[in-house]
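Please look at the structure shown here with an eye to how its strands pair and where empty space is left inside. The paragraphs that follow begin with one pair of strands and widen from there.

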Amino acid sequence: MSRAKLPSAISRVRNSLRPFYNMRQEQTFRSRTTPTFWKQIQAVRQEAGKNDYSAILSIVEDNRAYPFPGLGNTFPTEESKTPNPQFGHLRPLKLANELGLQVARLNHHASRVKPALESLAAINDHLIAGRLMEVEAALAAHKKSHGLSLIVLKKDLLAALERSGLPGLSRRYKVLTAHAQSTAWALLAHYVYDLIDPTYNPTRAVQRWLRLAERRVAEHPWFARILQDEVLTRIEGAPAMSCSLLRYSATSLLDLAILVWRKRNIHSREQAVQDAYSNLASPLKSILEDRFTAQPIQVSRMYSRKARLPDVEIYRTSFFFDDIASVVQWRSEFHGLIFAERYEGVPVNIDSNGRRLSDAADQIAADPTRMNRIIEGLADWENGFLGDNPDVERRSFLLAVVVAESVRRLSRNPQGDPSEIAELLADTDDIQFFTSSGTLKQLRDSDLACNSLLLTFVLWELIYRRDRTQDNELDRRLAFMRLFAGNSPLVEVLGQIAVANPSAATLLAKTCSRTFLERLFMMMSSVKDVLEARLSICRWLIDRKDPSSDNLQEESEALVRELANLEARSDLDSTRVHVDEESIREWFETLHATSVTRYKQTALAEGPVTSFGSLLTFFSTVEKAVDDFTAETQIGSEFLLVAIVDATLKAFVSDRTFGLDAYLSRRIRHGTLNGHVMTPITRVLGQLTDHVKLHGRAHDSSDHSGALVFAQEFREFLSSELDHARKDVIQIRSPEHPQGLIQAQWRTAGNIQHLDAMIARVRGRVIETGGSYDIFPDIYSFCWDCLESDLAQLRLYMLREFAPAATRKLSELYEHLSSADRALVFPYLHECRDTLEARVQEVCGWFIRPVFRRDRYNLKMLISTTLSIVRELDYEYAFTEDVVVSDDISLNRGSFDVFGDALFVLLGNAARHGKRDGNIHVDAQILPGKKNVVKLDITSEVDSRERYLDARARIDTALTNDYQAIAQAAVQEGFSGLMKLAGVMRRVRSPDVQLQVTGDEESLKINFSLILPSEITVTRMRG
């Protein structure tokens, strides 16, 4: 018997791909559905031997009969196929095999790859020489002959910036992605845009895009691995490198050739890489080594500030010319420190120049006082690939990277002078971005730090800046209070520290914001202490010529005025829903200063003529395909502002120190809600129980146990309902609280319309003011806009679900009583209902937007808003309203809060106790001769003389001086009735405070006349 002859490699390939033969032509008249061919190509890749690559490629590559360009992309001309998602499911081979296959593909196409490399080299020459017209022509010719590629995309966008600045960069990006916004091509273009954008710090851009890549690399490596490799430059491990080769091969052959060249120069210890490069066709090696080994690169003039160059711009430039060996080697050596903890245990390939960074880190760890001299000694290394020696500002970026490595070494081997180390850390800007929390905590826990209160605080401050958790914030405060544990004034201690540690003293002073000082519970016993301490800190920094002295001078003047007006202030800590504005502003200015600067500069560069459509186009609740990148590929000032708003809204809602979550913890979860509703109901039920027991003793034969059961069961039911409300309903919606009514989402059609309007308003004001406009108040106000519908839902829940359920339970329990028990219970039943209704109305008053953040607040708007909220409290309200108030009357924040509480009480009572279809008249005016005093009149009508007399009696009782102690207690417990209003009036310490009630028994009208200052200073209570 003769053995069957095994099919050759070529036969196996043809058999595997036979289903796709001539499919490209057939698609024109059969179906336009893109065929799925990756499984067959993966089979070919896995089964082929190294000796078969040449023969296989001659069949597969650029064969017009197949619906794919080859075993990867070649010279794509369509953005949607650069990179090509049809190769997305391919899996990498072992490194040696993947390298062999990809080098074989380059060799197979050498006749086309070589001119593409020559064209790329010519583009580099024109860019470096500043020949912008020639660059534009060369780019157009290159794309016509050699298609699209990531490496040329970088040159294209950089040339646009050189020609026309940021507006030109933006326009060019939009042209390049106009028909491909949902594709990975646009995503990669956005990555390049962010790195080139002179308003965006490149270290922040790198971190942002690396986070995005690492979130997606497991499920979508076909584009995420490219981003990861672009950022990291050096990929650790053979599997990761093999995956990078595969993903670049699906982008373009030019990108693949540059990647192989980069890996050859970075991974000199990886023998498989070196062997593969040695097999590259001679013409390709020749041009790579001749034209891409070294070039005298120039940093774009767009990155210089007043003729001086920040050293981080040298790092930025390395990303645009990483096809040059000297540049990519330089960046790889830098990344050996920037990503040192990622590379732990992996050999790092560095030459003698690269080892200078490591040696410098050792020297600084050993003697921090030599830091500046050591960093200056690295200047020639940092300028290494540049064509000249630019005038560089203080080398802050190099300093942060090297000192971060010194910290890692100190954490492993803590030794030295802790005072010098504290000064080193305080003098190094942004070091927390290059050091992990684990490293900082390891050094903090060392004996070295434990013996130095100053070093301990500095480390806690850096840990907090890196990871802003509630625990870290508390620990840094405790460390601060231990450092200042004596009775000496703050600035006196700062002066003592500044003698040996000037940078550490400045860091301590800048930490002492007003919000921070308010939380120093062991040091600050009053508002006056806080104001005086903050004023002394401002003056201390001004005396030291701090760069922020101008702003500090303004703050000092404001603090002096506030101290002078200390007696005319409201100490009311309202139960109304609250997010501490000053704390979130401090968070905003600390975390988003660079983002805000980038937004403003971009808006100014775009100018007033740039238009944009509604964000509904890009953001909606509709689920998009996982590979649709439309929302992520948008650029422009509006999308920068959206990112800032999104982050701020998350903190506004979820931050446990100052956010809505903090309010819920204080007011809802920890007893205020339960006590506010249960305490008066328990008192009524207690009176019922006492009455039943007295009745039983007076009538020995009577059995009224049913009435006692009524009281007990209703108390248990109400307590259970309140537990459900506070634990499940009045919560921020999350997987742990799926029934939570607080969503605070901006991605709804209504809120996106608010966002569109806010963006247009802010953008216009930024342009009008030349970038000086403060955007925070608008963002803070928008956060409340997003919460508005949730607060309405909470009010509706209390009115339409909680209250009716409790009322029904009362009725059910009452129906089951005997006639004798009903007679005993009846008076208390109505008191329970009335008390419950009043308390639910008061709780609804908690869920009202407290402020509309502006420099001044419009009284007429406040009145109109309060009327609309009161109207929704009851379906049966049918009152009409007349508001006679000048638009010119405005309030400061303190007066706004007090007027807001007063209006809700007075208008709520007018609606609840007045005629359902009556009229409510509101009038406000400035008192003659008193510029800052407002007289507010609210007039309502009742429907009978009996109701009028009853209302006057209740009002007089609530406002009589005999009830002052009760009113004070009402304020403390958060009541929102007339007693609370009486308490509010007494707590505003000013001669211009008055509340009067008059009535007309004949017309059945009742008038409240309220006189309050329009300028009240408010104490922000600690929480």
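**Strand β8 and its surroundings**

In this predicted model, strand β7, which covers residues 994-1000, pairs with β8 in the antiparallel sense over 7 bridges. Within that pairing, aspartate 1000 of the protein stands opposite lysine 1005 in β8. The two strands form a hairpin with 4 residues between them, and in this hairpin leucine 1004 takes a positive phi near 60°.

Strand β8 also pairs with β6, residues 933-941, and here 9 bridges join the two strands, which again run antiparallel. One point of reference in this second pairing is lysine 935, which stands opposite isoleucine 1011 in β8.

How many of the 9 residues of β8 are buried? The count is 8 of the 9 residues in the run 1005-1013, and because buried is taken as under 20% relative accessible area, strand β8 is largely enclosed by the rest of the structure.

From the strands we can turn to the empty space inside the model. Rolling a probe the size of a water molecule over the atoms shows where such space is left. The count comes to 6 cavities of 30 Å³ or more, and the largest cavity has a volume of about 140 Å³. Of the 14 residues that line the largest cavity, the closest to its centre are Asn909, Ala910, Ser940, Ile955 and Phe1008.

Which elements supply this lining with at least two residues each? They are α42 (893-913), β6, α43 (945-959) and β8, so that the strands β6 and β8, already met as antiparallel partners joined by 9 bridges, return here as contributors to the lining of the largest cavity. Helix α42 gives the most to that lining, with 4 residues. Sorted by class, the lining of the largest cavity has 9 nonpolar, 4 polar and 1 charged residues.

Finally, these details can be set against the whole chain. The protein has 45 helices and 9 strands, and of its 1023 residues, 55% count as buried. Among contacts between residues at least 6 apart in sequence, 74% join residues at least 24 apart. As for the surface, the protein exposes about 43500 Å², of which carbon and sulfur atoms supply 49%.

Conventions: Residues numbered from 1 in each chain as written. Predicted model: local features only at pLDDT ≥ 70, side-chain atom pairs only at ≥ 80, totals over all residues. Heavy atoms only, no water. Buried < 20%, exposed > 50% of the residue type's maximum accessible area, 1.4 Å probe, protein only. Pairing = 2+ DSSP bridges. 1 Å grid on protein atoms, 1.4 Å probe; cavity = no way out; pocket = protein on both sides within 12 Å on 5 of 7 lines; lining within 4 Å. Points joined across faces, edges and corners; volume = space filled by probe spheres on them. Nonpolar A, V, L, I, M, F, W, Y, C, P; charged D, E, K, R; others polar. Contact = heavy atoms within 4.5 Å. Areas by Shrake-Rupley, 256 points an atom, 1.4 Å probe, with all protein chains shown as cover.
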